[in-house]
Amino acid sequence: MAADFVDGNAFNFEQGQRARKLFAAVVLAALDDAIADDKKYGNGPEQIARWARSRDGREVLSCAGIDPNERVVTGLMAFVGNGVRTSVALSREESERRNQAEAA
């Protein structure tokens with residue numbers, strides 16, 4: 001009986017982790033869309049801020065495990081302003097390049 005309870009909790013935890021990852025992917029897609037808008041129209045940071053402050057944006061951020069506060073919105077705007085796509089920013093090469101640039 002106790003093993004069933006533990007197995008059920010482990011299953012629920014795994015499901016929660018999967019859902020959080022799914023919502024995190026939505027946040028990354030929103031960032032990429034805002035970066036594309038910034039390159040095309042020059043309004044990317046404003047777009048991501050509008051989305052992050054919207055009801056849907058706050059809900060997605062919360063479900064991704066991110067507290068949807070103004071500090072987060074400012075960080076998202078700065079990320080979009082840098083213009084580095086999320087796939088590149090998350091890669092090892094970009095991290096190493098940034099570390100070398102800071103060291104120089």
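**Entry 1: Terms and model**

I take a helix to be a DSSP run of H or I with at least four residues, numbered from the N terminus. I note at the outset that the model is predicted.

**Entry 2: The end of α3**

I looked up what comes after helix α3. The residue that follows α3 is G65, and its phi is positive, near 85 degrees. I then turned to C63, which is found in helix α3. With a relative accessibility of 29%, C63 counts as partly exposed, because buried would require a value under 20% and exposed a value over 50%.

Which residues does C63 touch, leaving aside residues up to four places away in sequence? I found R20 and F23. I also recorded the separation of C63 from D38: the two are 25 residues apart in sequence, and their C-alpha atoms are 26 Å apart in space.

**Entry 3: The two sides of α3**

I listed the buried residues of α3 and found G57, V60 and L61. Viewed down the axis of α3, these buried residues fall within an arc of 100 degrees, so they line one face of the helix. I then checked the other side of α3, where R55 and E59 are exposed.

**Entry 4: The buried face of α2**

I repeated the search for α2. Its buried residues are G44, P45, I48, A49 and A52. Down the axis of α2, they fall within an arc of 130 degrees, so the buried residues of α2 line one face of that helix.

**Entry 5: How α2 and α3 pack**

I recalled the general description before reading the values: two packed helices are described by the angle between their axes and the distance between the axes. At what angle do α2 and α3 pack, and how far apart are their axes? I obtained an angle of about 80 degrees and a distance of 4 Å between the axes, with α2 covering residues 44–53 and α3 covering residues 55–63. Because angles of 65 to 115 degrees count as roughly perpendicular, α2 is roughly perpendicular to α3.

I next asked which residues make the contact. From α2 I noted W51, A52 and R53, and from α3 I noted R55, G57, R58, V60 and L61. Sorted by class, the contact has four nonpolar, one polar and three charged residues.

I compared these names with my earlier entries. A52 is among the buried residues of α2, and G57, V60 and L61 are the residues I had listed as buried in α3. R55, by contrast, is exposed.

**Entry 6: Salt bridges**

How many salt bridges does the model contain? The count comes to two.

I examined the pair of D32 and R85 and found their closest N and O atoms 3.7 Å apart. D32 lies in helix α1 (residues 2–41), whereas R85 lies in the loop between α4 (70–82) and α5 (86–89), so the pair ties together parts that are 53 residues apart in sequence. I also looked up the accessibility of each partner. D32 is buried, with a relative accessible area of 14%, while R85 is partly exposed at 36%.

I then examined the salt bridge between R53 and E70, whose closest N and O atoms are 2.8 Å apart. This pair links distant parts of the chain, since R53 belongs to helix α2 and E70 to helix α4, 17 residues apart. Both partners count as partly exposed: R53 has a relative accessibility of 41%, and E70 has one of 45%. I note that R53 also appears in the contact of α2 with α3.

**Entry 7: Two residues of α1**

I looked up D33, which lies in helix α1. Is D33 buried or exposed? Its relative accessibility is 51%, and D33 therefore counts as exposed, the cut-off being over 50%. The C-alpha atoms of D33 and F23 are separated by 15 Å, the two residues being 10 residues apart along the chain.

A29 is found in helix α1 as well. It is partly exposed, with a relative accessible area of 38%. From A29 to D7 I recorded 33 Å, C-alpha to C-alpha, for a separation of 22 residues in sequence.

**Entry 8: One residue of α4**

Finally, I looked up R71, whose place is in helix α4. R71 counts as exposed, at 74% relative accessibility. R71 and R50 are 21 residues apart in sequence, and I noted 14 Å between their C-alpha atoms.

Terms used:
Residues are numbered from 1 along each chain as its sequence is written. This is a predicted model: local features need pLDDT of at least 70, side-chain atom pairs count only at pLDDT 80 or more; totals for chains, interfaces and linings use all residues. Side-chain values use heavy atoms; hydrogens and water are left out. Axes are lines fitted to C-alpha atoms, for helices over the stretch in contact, and angles run from 0 to 180 degrees between N-to-C directions. Angles under 35 degrees count as roughly parallel, over 145 as roughly antiparallel, 65 to 115 as roughly perpendicular and the rest as oblique. Contact means heavy atoms within 4.5 Å. Ala, Val, Leu, Ile, Met, Phe, Trp, Tyr, Cys and Pro count as nonpolar, Asp, Glu, Lys and Arg as charged, and the others, Gly among them, as polar. A salt bridge is a side-chain nitrogen of Lys or Arg within 4 Å of a carboxyl oxygen of Asp or Glu. Buried means under 20% relative accessible area, exposed over 50%, partly exposed in between (1.4 Å probe, protein chains only). The arc is that of the directions from the helix axis to the C-beta atoms.
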